[in-house]
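Biologist: I have just opened this one and would like to go through it slowly. Please start wherever you like.

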Amino acid sequence: MKDYEHDYPDHTETPGFEHGDEAPCNSSANPTFYEVAETRYASRRDVMIGGLAAFIGGMIGAGMTGRAAMATTTSTSALMGFTPVPVSTEDTVTVPEGYRVTTVLKWGDPISGHMPEFSLDNTGEDQAHQIGQHHDGQHFFPIEGEDPYHGSSADGIHCLNHEYVDPRFLHAAAYAGNALRDGEVMVDADGTRPDDHVLKEMNAHGVSVVRIAEQEFGSWAIVPDPRNRRITALTPMEIGGPVRGYHKLRTKYSPDGTMTRGTFNNCAHGVTPWNTYLTCEENWAGYFANKTQYDQKPDLPREHARYGVRIDRSRYGWELAASGADEYVRFDATEKGADATEDYRNEPNGFGWVVEINPWDPESVPVKRTHLGRFAHEGVVFGKVEPGRPVVAYAGDDARFEYIYKFVSDGLYVPGETDGSILDSGTLYVARFNADGSGEWLALAPGRNGLTPQNGFENLADILVNTRLAADTAGATKMDRPEWGAVDPHTGEVYFTLTNNTRRTEAQVDPANPRAQNQFGQIIRWREMRDDPAATSFSWDLFVIAGDLATSRTFTGAALNEDNIFACPDGLWFDAGGRLWIQTDIGESAQYRGDVEPMGSNAMLCADPSTAEIRRFLTGPVGQEITGVVTTPDQATMFVGVQHPGATTSPEDYAAGNFSSNWPDGGSSVPRSSNLVIVREDQGIIGA
Ligand code: FEO
Ligand code: CA
Ligand code: CA
Ligand code: CA
């Protein structure tokens, strides 16, 4: 059992489990759709839900055979011109015929381009000048610095998230020979951890901001630039928006509640219309321990308990650093002092936010934009922006039975003038997906939807610090782990991946989350009323229910086939041509076994949103997930993240030096997260 999952003894029975997943924390009594719509469920024939309603009926009944499913294959898309690649279990990256793949921005590469060179015994200080581990959300900003999607296709500032670390590979020199699990750290006999190990882990988290340029077609390298910098778990940050200065943010480090240090578990990202980068704090809660007790029982405030802050030791034990230095002990949120300015009881409240980073100013202090809510932020994606209209952003809370949110600004977008402060005032909403294919955005604001002092919400800052509880109160729909979102550049429709939820029971099934013990996931989409991103109602359907030959369906009613079966959709991105790129994240404890065995290694697929045709474009090496994708403006170069290769290595194999992956360096090397660079031999548009 993984020690940070100690509270959830059945986690190894959970096929979708992946490193650092939060436990289900939502014990609110919101009715499930099944309860409110039970009678409509069987007879629903809504046009938006269409083919999938029939399929769900089929799943409840006799189901489909693989042969029948295969007969529904189509191949008519005008958007896609490549031949799909087969499922793979090889320790390599596969791309379609006519494509080439290389790597750039490997974990440990120096951001100066030169020093300190990568080696297994790099120090914590070295790591502060190197690319972090576990690549995730990312964006290529063309070097002109004017527009996030226009400009150079050969030179730019790349922003890259580093979601978490695997200490047994990060400390490969010090840990060699020990039987260690994925994610496990070694604690000394006196209960402390060496400072330098903690420092290296903190510096391998966060975000890399680094200039990269094409050397020759298909080959890229880091370029020295004064803007190159690492944002880490130690970087000072401003608290912005309504929560700035709120009493629940006061700490010894920031007695007035306006600052905190660092960002971590940066999963997916966002790109603002004003050309800055957003990074999202996902499974942050487990990085803290709060051992406060009352009457010999754990006594956590709701803003810790509802998010899963731990009650003994944190995930990596950063609070155990031998020196007891302030930047480390803050991960112990136990009440120790006379009030909040004398300890770190409020430190976890500085996390769970979306953080804005200005890649163009290396002196700029990142800002936590608190009006976007506090939860396990997967990523954030902007609705179509129009001058003179509000700015709208969508975000998912990736934990089982959590919610999808939308922020609508008070201010109106003015190109060239609007900056990140527009995210500091507006309205945060949470989604309710009705059984008839309609939906509503429920405002999380003082006095709205039950969010009153009588119900325990003293003001807007309190609502935002306790976003999950506010959404419970408002009556939002509990989803199957919302991951990335993407907005169709042609239609404005919004797509979200729902990666899996093996804990949903038959009684909890609803039309938006239509399967119990959901191992495979689905992709939901919606269209805002009158195509206005700021609208408070919408209509929705399911784009695809993932799975194998027998259990999958697209919205046309076709099953998936050998060219496109997939499970656990996570990364999601629309390119400028309207191709939908889908990345998969079958958790490392589930990979290559059971019902997800036919899907092999995690992969990236390409979909045509109008026809529902899907083709597998890329397969990754052993034990990784594919996450993070963007192209250059000309769409001739694509960057894709490969996270945690070798995570499937068993403790015994680790001790013996037999890693399940040696990608990308080969031989018997330690596996390294890395970015891929993908081009076509004919220099054409990727995917076309
Ligand atoms: Fe970090 Fe939800 O994936
Ligand atoms: Ca993962
Ligand atoms: Ca993810
Ligand atoms: Ca995931």
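Biologist: How far is the sulfur of Cys 280 from the closest cysteine sulfur?

Modeller: The closest one belongs to Cys 267, and its sulfur is 8.2 Å from that of Cys 280, which is too far for a bond. A disulfide here is a pair of cysteine sulfur atoms within 2.5 Å, and by this rule the count comes to zero disulfides.

Biologist: Before we go on, what kind of model is this?

Modeller: It is a predicted model, in which local features need pLDDT of at least 70 and side-chain atom pairs count only at pLDDT 80 or more, while totals for chains, interfaces and linings use all residues; side-chain values use heavy atoms, with hydrogens and water left out. Residues are numbered from 1 along each chain as its sequence is written, while chains are lettered from A and ligands numbered from 1 in the order in which they are written.

Biologist: Okay, back to the cysteines: is Cys 280 buried or exposed?

Modeller: Cys 280 counts as buried, at 0% relative accessibility, and Cys 606 likewise counts as buried at 0%. Buried means under 20% relative accessible area, exposed means over 50% and partly exposed is in between, using a 1.4 Å probe and protein chains only.

Biologist: How much of the protein chain is buried?

Modeller: Buried residues make up 64% of its 688 residues. The chain has twelve helices and 33 strands, where helices (H or I, at least four residues) and strands (E, at least two) are DSSP runs numbered from the N terminus.

Biologist: Switching to the metal, which residues are the protein donors of the calcium ion (ligand 3)?

Modeller: They are Glu 378 (OE), Glu 483 (OE) and Asp 570, which is listed twice through OD, and they lie 2.3 to 3.0 Å from the ion. Donors are N, O and S atoms within 2.8 Å of the metal, or 3.2 Å for Na, K and Ca, and since water is not among the atoms, sites may look incomplete. Along the chain, these donors follow the spacing E-x104-E-x86-D.

Biologist: What do Glu 483 and Asp 570 tie together?

Modeller: Glu 483 lies in strand 22 (residues 482-487) and Asp 570 in strand 27 (residues 569-574), so the pair ties together parts that are 87 residues apart in sequence. Glu 483 counts as buried at 2% relative accessibility, and Asp 570 counts as buried at 3%.

Biologist: How far is that calcium ion (ligand 3) from the calcium ion (ligand 2)?

Modeller: The two ions are separated by 5.6 Å.

Biologist: And where does Arg 481 sit?

Modeller: Arg 481 is in the loop between strand 21 (479-480) and strand 22, and it is buried, with a relative accessible area of 1%. Its side chain makes a polar contact with the side chain of Asn 500 at 3.2 Å. A polar contact is a pair of N or O atoms within 3.5 Å; within protein, one must be able to donate a hydrogen and the other to accept it, and residues adjacent in sequence count only if both atoms are side-chain atoms.

Biologist: Now the sheets: in what order do the six strands of the open sheet come?

Modeller: The order is 8-7-14-13-10-9, with mixed pairing, and two strands pair if DSSP finds at least two bridges between them. Strand 8 (259-261) and strand 9 (266-271) stand at the edges, each with a single partner strand, so one side of each is left without a neighbour in the sheet. Strand 7 (residues 236-240) runs antiparallel to strand 8 and is joined to it by three bridges; in strand 8, Met 259 is the bridge partner of Glu 238.

Biologist: Last one, which residues is Asn 275 in contact with, leaving aside its neighbours within four places in sequence?

Modeller: They are Phe 141, Gly 145, Glu 146, Asp 147, Pro 148, Pro 359 and Trp 360, where contact means heavy atoms within 4.5 Å. Asn 275 itself is in the loop between strand 9 and strand 10 (277-281), and at 4% relative accessibility it counts as buried. Its side chain reaches the backbone oxygen of Gly 145 at 3.0 Å. The C-alpha atoms of Asn 275 and Pro 359 are separated by 8.6 Å, although these residues are 84 residues apart along the chain.
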